[in-house]
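Thanks for coming, everyone. I'll put the structure up and then walk through it piece by piece.

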Amino acid sequence: MGEVYEALEDRHVRFIGKQHVFFVATAPRADDGHVNLSPKGLDTFRVLGPRSVAWLDLTGSGVETLAHLRENGRIVVMFCAFEGPPNILRLHGRGEAVRPGHADFAALRALFPPMPGVRSVIRVALERVSDSCGYAVPRLRFEGEREQLFAWAERRGEDGVAAYQREKNAASIDGLPGVSDES
């Protein structure tokens with residue numbers, strides 16, 4: 001059924017490349033804090049190496065992932081096969097939000113197509129790679145990407161998105177620091 005790997009193998013990289021959606025889970029240190037699980041998509045994921053991945057973090061209504069990473073770095077990324085053979089791939093590791101102004105931001109940002117509303121690039125150093133059967137995951141057919149996020153960001157413009165981030169992404173739902181002009 002399930003297996004643990006030292007690092008990403010070529011077949012894992014091929015599997016990741018075929019997926020249209022992935023899920024990211026983080027949690028604060030506090031026992032009473034909220035665990036967060038977020039779906040992601042839009043051609044925003046890249047494998048950097050056998051033990052390193054990244055994705056383009058687009059502005060959203062919350063900032064839980066960034067806040068949790070700032071606090072403790074723990075993260076898991078999950079891919080599910082909705083088409084083809086059943087499979088679930090989990091990537092556990094330590095993540096960081098590489099924000100504009102960071103020495104690595106421009107090089108990481110260049111790995112992705114131009115998109116409005118970029119908040120950061122999340123980079124994860126993998127500590128555990130595992131897969132499992134995925135027999136209970138339903139078959140779903142991909143119909144296309146949603147364009148609403150891009151339209152929203154383009155309407156607001158860079159200054160409007162930055163203002164939104166300062167207002168809505170300053171803290172997590174548990175009050176942890178999120179996006180600031182310094183981070």
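Let me start with a question: which residue in β5 does F45 stand opposite? The partner is W55. Keep in mind throughout that this is a predicted model.

So, the strands around that pair. F45 belongs to β4, residues 45–49. β4 and β5 run antiparallel, and four bridges pair them. Two residues sit between these strands, and together the two strands form a hairpin.

Now stay with the rings. The structure has five aromatic pairs. One of them joins F22 and W55. Their ring centres are 5.8 Å apart, with 65° between the planes. That geometry is edge-to-face, because the cut-off for that class is over 60 degrees. The two residues come from distant parts of the chain, 33 residues apart. F22 is in strand β2, residues 22–26, and W55 is in strand β5, residues 52–58. Are F22 and W55 buried or exposed? Both are buried. And the grouping goes beyond one pair: F22, F45, W55 and F79 make up a single aromatic cluster.

F22 takes us to β2. Which way do its side chains point? They alternate. F22, V24 and T26 face one way and are buried. F23 and A25 face the other way and are not buried. As a general point, side chains in a regular strand alternate between the two faces of the sheet.

β2 also has strand partners. With β3 it pairs antiparallel, over five bridges. There, F23 stands opposite P39 of β3. With strand β6, residues 74–80, β2 is joined by three bridges, again antiparallel. On that side, V24 has V77 as its bridge partner.

Next, the pocket. The largest one has a volume of about 1200 Å³. Lining it are 45 residues, and the closest to the centre are H20, V21, P39, K40 and G41. So P39 turns up again: opposite F23 in the strand pairing, and among the residues closest to the pocket centre.

Which elements supply at least two residues each to that lining? They are α1 (10–18), β3 (36–40), β5, α2 (64–71) and β8 (118–132). α1 gives the most, five residues. What is the make-up of the lining by class? There are 17 nonpolar, 15 polar and 13 charged residues.

On to charges. Side chains of opposite charge can pair when their charged atoms come close. In this model the count is eight salt bridges. I'll take three that involve β8.

First up, E127 with R94. Their side chains meet at 3.6 Å, N to O. E127 is in strand β8 and R94 is in strand β7, residues 88–98, so the link spans 33 residues of chain. R94 counts as partly exposed, because its relative accessible area is 39%.

Then E96 with R123. The N to O distance is 2.6 Å. Here β7 supplies E96 and β8 supplies R123, 27 residues apart. What about burial? E96 is partly exposed, at 33% relative accessibility. R123 has a relative accessible area of 19%, so it is buried, the cut-off being under 20%.

R123 has another salt bridge, with D104. The closest N and O atoms are 3.0 Å apart. D104 lies in the loop between β7 and α3 (105–109), and R123 lies in β8, so this pair ties together parts that are 19 residues apart in sequence. D104 is partly exposed, with a relative accessible area of 31%.

There is a network to mention as well. E9, R11 and D131 are joined into one by salt bridges that share partners.

Last stop, helix α4, residues 148–168. That is where E154 is found. E154 counts as exposed, because its relative accessibility is 56%. How far apart are the C-alpha atoms of E154 and G101? They are separated by 22 Å, with the two positions 53 residues apart along the chain.

To recap: F22, F45, W55 and F79 form one aromatic cluster. The largest pocket takes five residues of its lining from α1. And R123 forms salt bridges with E96 and with D104. That's my tour; over to you.

Definitions and conventions: Residues are numbered from 1 along each chain as its sequence is written. This is a predicted model: local features need pLDDT of at least 70, side-chain atom pairs count only at pLDDT 80 or more; totals for chains, interfaces and linings use all residues. Side-chain values use heavy atoms; hydrogens and water are left out. Rings of Phe, Tyr and Trp (its six-membered ring) pair if their centres lie within 6.5 Å; planes under 30 degrees apart count as stacked, over 60 as edge-to-face and the rest as tilted. Buried means under 20% relative accessible area, exposed over 50%, partly exposed in between (1.4 Å probe, protein chains only). On a 1 Å grid over the protein atoms alone, a cavity is a set of points where a 1.4 Å probe fits but cannot get out, and a pocket is an open set with protein on both sides within 12 Å along at least five of seven lines; lining residues have an atom within 4 Å of a point. Grid points are joined across faces, edges and corners, and a volume is the space filled by probe spheres set on the points. Ala, Val, Leu, Ile, Met, Phe, Trp, Tyr, Cys and Pro count as nonpolar, Asp, Glu, Lys and Arg as charged, and the others, Gly among them, as polar. Two strands pair if DSSP finds at least two bridges between them. A salt bridge is a side-chain nitrogen of Lys or Arg within 4 Å of a carboxyl oxygen of Asp or Glu.
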